[in-house]
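Student: Could we go through this protein together, from the overall fold down to its cysteines? I'd like to see the reasoning behind each answer.

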Amino acid sequence: MREEHGHSVGALICEAIRGRRRLVFDYGGHHRVVEPYCHGTSTAGSEVLRAVQIAGGSASSIIGTGKLWTVAKMRNVRLDAVFVPDDPLYNPNDSAMAVIHCRI
C-alpha cells in the first residue's frame with residue numbers, strides 16, 4: 001500500500017469515508033475534489049476508490065457522477081470538508097469491487 005505523509009492512502013480514504021469527508025488529490029494531471037463512497041480491491045486486483053468528483057479538472061469533463069479511481073495513481077491525497085452523502089446511484093455492493101474495505 002502506498003503511503004502519503006506516513007499513512008497509507010487506503011487508511012486515509014477509509015478515514016474520509018467514516019467521517020464523511022471530501023478528499024482532495026491530483027490524478028492524471030488534474031486537481032480533483034471528490035466525495036468518497038467506497039474503497040476496496042477491484043475485480044482486476046487493483047486498490048480502487050468509488051467517489052463522485054464535485055470540483056477540479058477532468059480529462060473526460062464528467063463531474064457529478066460516481067467514478068472509479070485507481071489509488072496508486074492518486075497523489076497529494078488529503079482530507080477536506082465534511083459532506084452529506086446524496087448520490088442516488090450509489091450501490092454499497094459495488095460490482096466493480098471483489099473486496100470492499102470501507103463504504104458509506
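Here is a short set of questions and answers on this predicted model.

Student: Let's begin with the fold. In what pattern do the helix and strands follow one another along the sequence?

Tutor: Happy to start there! The chain has one helix and eight strands. Read along the sequence, the pattern is β-β-α-β-β-β-β-β-β.

Student: What radius of gyration does the chain have, and how does that value relate to the globule rule?

Tutor: For 104 residues the globule rule gives 13 Å, and the value for the chain is close to that, so the chain is as compact as a globular protein of that length. Along its principal axes, the C-alpha trace spans about 35 × 30 × 25 Å. The radius of gyration you asked for is 12 Å.

Student: Among contacts between residues at least 6 apart in sequence, what percentage join residues at least 24 apart?

Tutor: A contact here means heavy atoms within 4.5 Å. Taking the pairs at least 6 apart in sequence, the share that joins residues at least 24 apart is 56%.

Student: Which residues of helix α1 are buried?

Tutor: Buried means under 20% relative accessible area, and 41% of the chain's 104 residues are buried. Helix α1 covers residues 9–19, and R20, with a positive phi near 55°, follows α1. The buried residues of the helix are V9, G10, L12, I13, C14, A16 and I17.

Student: C14 is on that list. Which cysteine forms a disulfide with C14?

Tutor: A sulfur pair has to lie within 2.5 Å to count as a disulfide, and the sulfur atom of C14 has a partner 2.1 Å away. C14 lies in helix α1 and the partner in strand β8 (residues 97–103), so the bond ties together parts that are 88 residues apart in sequence. Both cysteines are buried. The partner is C102.

Student: Is that disulfide left-handed or right-handed?

Tutor: The torsion about the S-S bond decides this one. For C14 and C102 the torsion is about -90°, so the disulfide is left-handed.

Student: Which cysteine sulfur is closest to that of C38, and at what distance?

Tutor: C38 is buried, with a relative accessible area of 0%. The structure holds one disulfide, and C38 is too far from the closest cysteine sulfur for a bond. That closest sulfur belongs to C102, at 7.3 Å.

Key. Residues numbered from 1 in each chain as written. Predicted model: local features only at pLDDT ≥ 70, side-chain atom pairs only at ≥ 80, totals over all residues. Heavy atoms only, no water. Helix = DSSP H or I, 4+ residues; strand = E, 2+ residues; numbered from the N terminus. Rg over C-alpha atoms; globule rule 2.2 N^0.38 Å. Buried < 20%, exposed > 50% of the residue type's maximum accessible area, 1.4 Å probe, protein only.
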